[in-house]
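Thank you all for making the time this morning. I would like to walk slowly through one model with you, going from its loops to its charges and then to its cysteines.

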Amino acid sequence: MKLTVDSMTYGPDGLARAEDGKAVFVSGGVAGDVVEADVVSTGSSFDRAVVSEILEPSNQRVQAPCPFVGICGGCPWGNLSMDAQRAAKEGNLRSTLRRIGRFSDEEIDAIVKPIRHAKDAWGYRNKVELAPSWDNNRFRLGMHGVDPDQIIKVDSCPLFEKKYPRAVKAVAGALSYLGNSRDLGLERVGIRASRRTKALEIALWTPTGAFPRAQVSRVLTDAVHPTSVVRVMSKGDRRARKVAGVEALAGEGSWTEKIADGEMRLSAPSFFQVNTAAAEILIELVMDALDPGADDVAIDLYCGAGTFTLPLARRCAYVAAVEAYGPAIRDLRRNLEIARLDNVDPIGGDAVREFPDEDADVLVVDPPRAGLDPAAIDLIAGTSVRDVAYVSCDPATLARDLRRFLDEGTFKVVSATPVDLFPQTFHCETVAHLTRA
């Protein structure tokens with residue numbers, strides 16, 4: 001069918017309308033394209049289609065530096081101009097606040113601020129991951145495709161830190177060479193790089209058991225000269241693997257990054273935002289929303305290794321920081337020692353079960369994609385905090401949770417600022433500021 005792509009969805013596809021008005025999610029098209037598309041699935045309320053030919057390219061269509069746009073899963077919006085990407089992300093936030101949060105257009109106009117972003121639209125990622133596969137009895141590493149079962153062999157990734165353009169090819173080549181002579185048991189390979197500290201870490205995710213440590217370390221060191229090579233050992237069912245331990249094979253055994261006038265050291269399993277420069281915008285927005293004073297007590301829920309904890313500790317009298325993931329809370333304790341900050345209580349455990357009982361002034365929450373448990377919203381509403389900064393990676397759960405806070409009657413929404421941490425993708429972070437009603 002012939003379709004005109006009207007807009008971009010919160011997903012990799014564009015949205016069009018068939019002649020009868022039915023919604024069609026179009027893979028391979030960008031907003032403004034006129035395309036010929038083949039329907040691949042039909043449903044009661046929408047169809048899905050794949051572009052077979054671009055009849056009239058959109059004036060927002062651009063030539064990406066990556067030849068794998070639409071094939072590899074890493075940059076689905078790579079053919080869309082940055083102005084159009086950012087407008088779509090801001091539009092998706094507004095639409096979600098309207099549909100799920102039940103905010104009026106007037107309320108949305110008042111609270112949604114212009115999207116923020118860092119300078120680099122390519123070459124910004126401090127981390128990429130490679131997945132193993134076998135092709136004609138040859139072991140190789142590549143990127144996950146749009147089809148998650150497909151592994152795409154790449155020599156470089158234009159999204160990855162531009163100061164290390166040959167790292168992906170070198171790591172993949174070295175481990176493919178080793179993997180063709182013995183079974184390394186690799187489940188995935190992570191590469192982290194920092195242009196600020198010059199740290200380059202290779203993390204090899206494997207099951208527990210025997211491993212050719214010396215040989216792997218030597219080959220990787222010769223190939224890429226990393227500052228750290230680690231093995232992350234995991235166990236359990238593949239759908240719910242747990243980290244059993246991390247061992248240093250070469251170098252420092254961890255990765256360092258400078259952020260927000262400080263330095264953080266992270267173990268391979270710990271989460272860290274993949275866009276350091278844009279993560280500093282998150283920190284700026286959180287600090288502006290909370291405006292913490294020297295005598296204030298702060299709570300940081302889902303604190304990770306300390307992205308917000310450390311800046312809060314430098315400005316507050318005391319911070320209670322809660323994190324359920326063991327490697328991250330251990331990294332937080334180490335980062336506090338490195339920064340010589342002794343006014344933080346790192347609490348390991350679930351944010352609801354271990355909710356701090358301090359009489360706090362400000363609170364930041366950075367939950368996973370699923371958002372906040374209703375019990376967490378009740379607990380936050382029951383505190384004395386004057387301001388809350390909610391950092392969200394999913395507009396749908398953010399809109400749902402903001403409505404829950406409003407229905408509690410204890411907080412009102414001051415602002416919601418989208419931040420483009422993930423150019424060339426549909427993903428977007430948002431920092432929402434709530435204050436006492």
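N137 sits in the loop that runs between β7 (127–135) and β8 (138–144), where helices (H or I, at least four residues) and strands (E, at least two) are DSSP runs, numbered from the N terminus. Before I go further, please keep in mind that this is a predicted model, in which local features need pLDDT of at least 70 and side-chain atom pairs count only at pLDDT 80 or more, while totals for chains, interfaces and linings use all residues. Residues are numbered from 1 along each chain as its sequence is written, and side-chain values use heavy atoms, with hydrogens and water left out.

What is the phi of N137 near? It is near 65°, a positive value in a residue other than glycine. Most residues other than glycine have a negative phi. N137 counts as exposed, at 71% relative accessibility; here buried means under 20% relative accessible area, exposed over 50%, and partly exposed in between, with a 1.4 Å probe and protein chains only.

D261 also has a positive phi, of about 65°, although it is not a glycine. This residue lies in the loop between β14 and β15, and at 86% relative accessibility D261 counts as exposed.

Staying in this part of the chain, we come to E252, which forms a salt bridge with R265, their closest N and O atoms being 3.4 Å apart. By salt bridge I mean a side-chain nitrogen of Lys or Arg within 4 Å of a carboxyl oxygen of Asp or Glu. E252 lies in the loop between β13 (242–251) and β14, whereas R265 lies in strand β15 (residues 262–266), so the pair ties together parts that are 13 residues apart in sequence. E252 is partly exposed, with a relative accessible area of 47%.

How many salt bridges does the structure hold? There are 30 of them, and I will pick out a few. D105 pairs with R98, and the closest N and O atoms of that bridge are 2.7 Å apart. D105 is partly exposed, with a relative accessible area of 39%, and R98, at 39% relative accessibility, counts as partly exposed. In another bridge the side chains of D387 and R386 meet at 3.6 Å, N to O; D387 is buried, with a relative accessible area of 9%, whereas R386 is partly exposed at 31%. There is also a network of salt bridges, which links D120, E161, K162 and R195.

Some charges belong to a patch instead, and K119, K163, K198 and K258 form a positive one on the surface. Patches are made of residues with over 30% relative accessible area and no salt bridge, with like charges joined within 9 Å and nonpolar side chains (Val, Leu, Ile, Met, Phe, Trp, Tyr) within 5 Å. Among the residues of this patch, K258 lies in strand β14 (residues 255–259) and is partly exposed, with a relative accessible area of 41%.

Let me turn to a few distances. Q60 is found in the loop between β5 (46–56) and α1 (82–99) and counts as partly exposed at 30% relative accessibility; its C-alpha is 6.6 Å from that of A84, although Q60 and A84 are 24 residues apart in sequence. V171, in helix α3 (residues 167–179), is buried, with a relative accessible area of 0%, and the C-alpha atoms of V171 and A223, 52 residues apart along the chain, are separated by 7.0 Å. L249 is found in strand β13 and counts as buried at 16% relative accessibility, and from L249 to P12 there are 237 residues in sequence and 38 Å in space, C-alpha to C-alpha.

Finally, the cysteines. A disulfide is a pair of cysteine sulfur atoms within 2.5 Å, and by this rule the count comes to 0 disulfides. C75 is in no disulfide, and the nearest cysteine sulfur, that of C66, is 4.1 Å away; C75 is buried, with a relative accessible area of 4%. Why is the sulfur of C157 in no bond with that of C66? The sulfur of C66 is the closest cysteine sulfur to that of C157, but the two are 6.5 Å apart, which is too far for a bond. C157 counts as buried, at 19% relative accessibility.

How values were computed
Areas by Shrake-Rupley, 256 points an atom, 1.4 Å probe, with all protein chains shown as cover. Lys, Arg positive; Asp, Glu negative; His and termini not counted. Charge placed at Lys NZ, Arg CZ, Asp CG, Glu CD.
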